[in-house]
Amino acid sequence: MTTRRMTLIGMGATFTVAACSRAPTEQRNVIAAGQPAAVLIWAVARGRLAGWPRRLDPDCLTGLAAGAADLPELGGLSGPGLMATTSSLSALRPRLILDYGDTDPDVVANGRAASEALGVPWAMIDGALHLIPAAFRQAGRLLDDHERGQSLAEDAERIIADWRRHTAGPSFYYARGADGLQTGFRGALATEVLEGAGWTNVAVGSSGDGVGRVAYEQVMDWDPEVLVTLSADFARAVRNDPHWRRRRDGSRRRLLLMPDRPFGWIDRPPSVNRLLGCAWMAQPSDRASTRLAMLSRRLYGMAPAEILMPKWLI
């Protein structure tokens with residue numbers, strides 16, 4: 001059984017961290033197995049990232065440091081979208097394949113196969129939100145920037161400690177997509193930011209990755225106090241819709257639009273970008289924009305004068 005922890009596997013053997021930590025930091029020779037890993041690498045040692053598994057849209061690029069737009073789209077080792085090919089990855093002369101997130105047999109199999117085909121180590125770092133400090137430290141060691149990894153880990157520890165002090169909050173439904181009918185079920189990676197702050201996820205169900213589609217009638221039967229979304233389209237569509245906004249007791253259901261640029265504050269992808277959501281959940285104030293802009297700069301290398309902030313829509 002594969003456990004959620006950092007492992008290094010390649011060419012049929014286990015590698016030590018030191019075996020893949022000798023390349024100059026300016027070389028773009030680390031392949032991200034998926035978008036969560038790419039965001040982690042970008043935060044810790046963006047000069048090492050060989051390319052994006054998924055092409056970034058222009059709105060995302062405006063929140064990232066120079067150079068983000070120049071990186072090629074390589075494809076991922078698993079999941080939807082463009083799949084990476086051995087020939088295209090081999091041409092980059094990689095030193096390491098890094099994966100970040102939850103593990104399952106397919107992820108492990110894809111990592112092993114890529115490692116053996118390219119003759120380079122594959123590293124897997126646990127993607128649990130509360131382990132982000134450890135992920136920064138591990139990534140710092142793997143990417144030859146121990147000092148930055150340690151600094152980001154210390155920031156993350158403070159944020160997560162504040163976030164975990166909250167023990168009670170409203171019931172919520174996380175509405176994903178333009179129609180709001182995809183959600184993260186209770187306990188899913190997709191809803192850790194909200195549940196960890198003491199909010200109660202009304203969506204109880206199961207699917208392979210903790211995310212799935214539900215019927216509108218089911219959402220109404222769950223009767224959440226708050227609708228949470230990253231989708232501005234969904235928020236516009238339901239803002240004045242009495243069917244979505246009215247609760248069983250006749251009160252008005254609250255609607256919270258969370259930022260989705262350059263990456264989502266709840267998930268999309270479920271990587272270190274979620275620290276912004278945790279920081280706001282710990283201190284949900286309109287006066288937090290400066291503090292969150294500084295965190296955004298730490299993670300992404302660039303923060304505009306005013307960053308998007310969560311909005312309660314009346």
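Tyrosine 173 stands opposite leucine 227 in strand 10 of this predicted model. That contact belongs to a parallel pairing in which four bridges join strand 6, residues 171-175, to strand 10, residues 226-229. Strand 6 also pairs with strand 8 (residues 200-201), again in the parallel sense, through two bridges. Here serine 171 has threonine 200 as its bridge partner, while phenylalanine 172 is matched with asparagine 201. Neither side of strand 6 is left open: Ser171, Tyr173 and Ala175 are buried on one face, and Phe172 and Tyr174 are buried on the other. That makes five of its five residues buried.

Stepping back, these pairings sit in an open sheet of five strands with the order 8-6-10-11-12 and mixed pairing. Its edges are strand 8 and strand 12 (311-313), each of which pairs on one side only.

Strand 4 tells a similar story of burial. Spanning residues 96-101, strand 4 has six of its six residues buried. Leu96, Leu98 and Tyr100 are covered on one face, and Ile97, Asp99 and Gly101 on the other. As a general point, side chains in a regular strand alternate between the two faces of the sheet. Strand 3 (residues 30-32) runs parallel to strand 4 and is joined to it by three bridges, with valine 30 standing opposite leucine 96. Strand 5 (residues 122-126) is parallel to strand 4 too, this time over five bridges, and aspartate 99 stands opposite methionine 124 there. To get from strand 4 to strand 5 the chain passes through helix 4 (residues 105-118), giving a right-handed β-α-β crossover.

Turning to charged pairs, the count comes to 15 salt bridges. One of them links arginine 261 and aspartate 59, with 3.8 Å between the closest N and O atoms. Arginine 261 sits in the loop between strand 11 (254-257) and helix 11 (274-282), and aspartate 59 in helix 2 (residues 58-61), so this pair ties together parts that are 202 residues apart in sequence. Both partners are partly exposed: the relative accessible area is 38% for arginine 261 and 41% for aspartate 59.

Arginine 213 and aspartate 179 meet in another salt bridge, at 2.7 Å from N to O. The arginine lies in strand 9 (residues 211-213) and the aspartate in the loop between strand 6 and strand 7 (182-184), so parts 34 residues apart in sequence are tied together. Arginine 213 is exposed at 55% relative accessible area, whereas aspartate 179 is partly exposed at 35%. A further salt bridge brings arginine 165 and aspartate 162 together at 2.3 Å, N to O. Arginine 165 is exposed, with a relative accessible area of 58%, and aspartate 162 is partly exposed, with 29%. Elsewhere, Asp223, Arg247, Arg248 and Arg253 are linked in a network of salt bridges.

Disulfides are a shorter topic, as the structure holds zero of them. Cysteine 60 is buried, with a relative accessible area of 4%, and cysteine 278 is buried as well, at 0%.

Finally, glutamate 154 lies in helix 6 (residues 146-164). Its relative accessible area of 35% makes glutamate 154 partly exposed. The C-alpha atoms of glutamate 154 and proline 133 are separated by 6.8 Å, with the two positions 21 residues apart along the chain numbering.

Conventions:
Residues are numbered from 1 along each chain as its sequence is written. This is a predicted model: local features need pLDDT of at least 70, side-chain atom pairs count only at pLDDT 80 or more; totals for chains, interfaces and linings use all residues. Side-chain values use heavy atoms; hydrogens and water are left out. Buried means under 20% relative accessible area, exposed over 50%, partly exposed in between (1.4 Å probe, protein chains only). Two strands pair if DSSP finds at least two bridges between them. A crossover is right-handed if, with the strands pointing away from the viewer, the path from the first strand over the helix to the second runs clockwise. A disulfide is a pair of cysteine sulfur atoms within 2.5 Å. A salt bridge is a side-chain nitrogen of Lys or Arg within 4 Å of a carboxyl oxygen of Asp or Glu.
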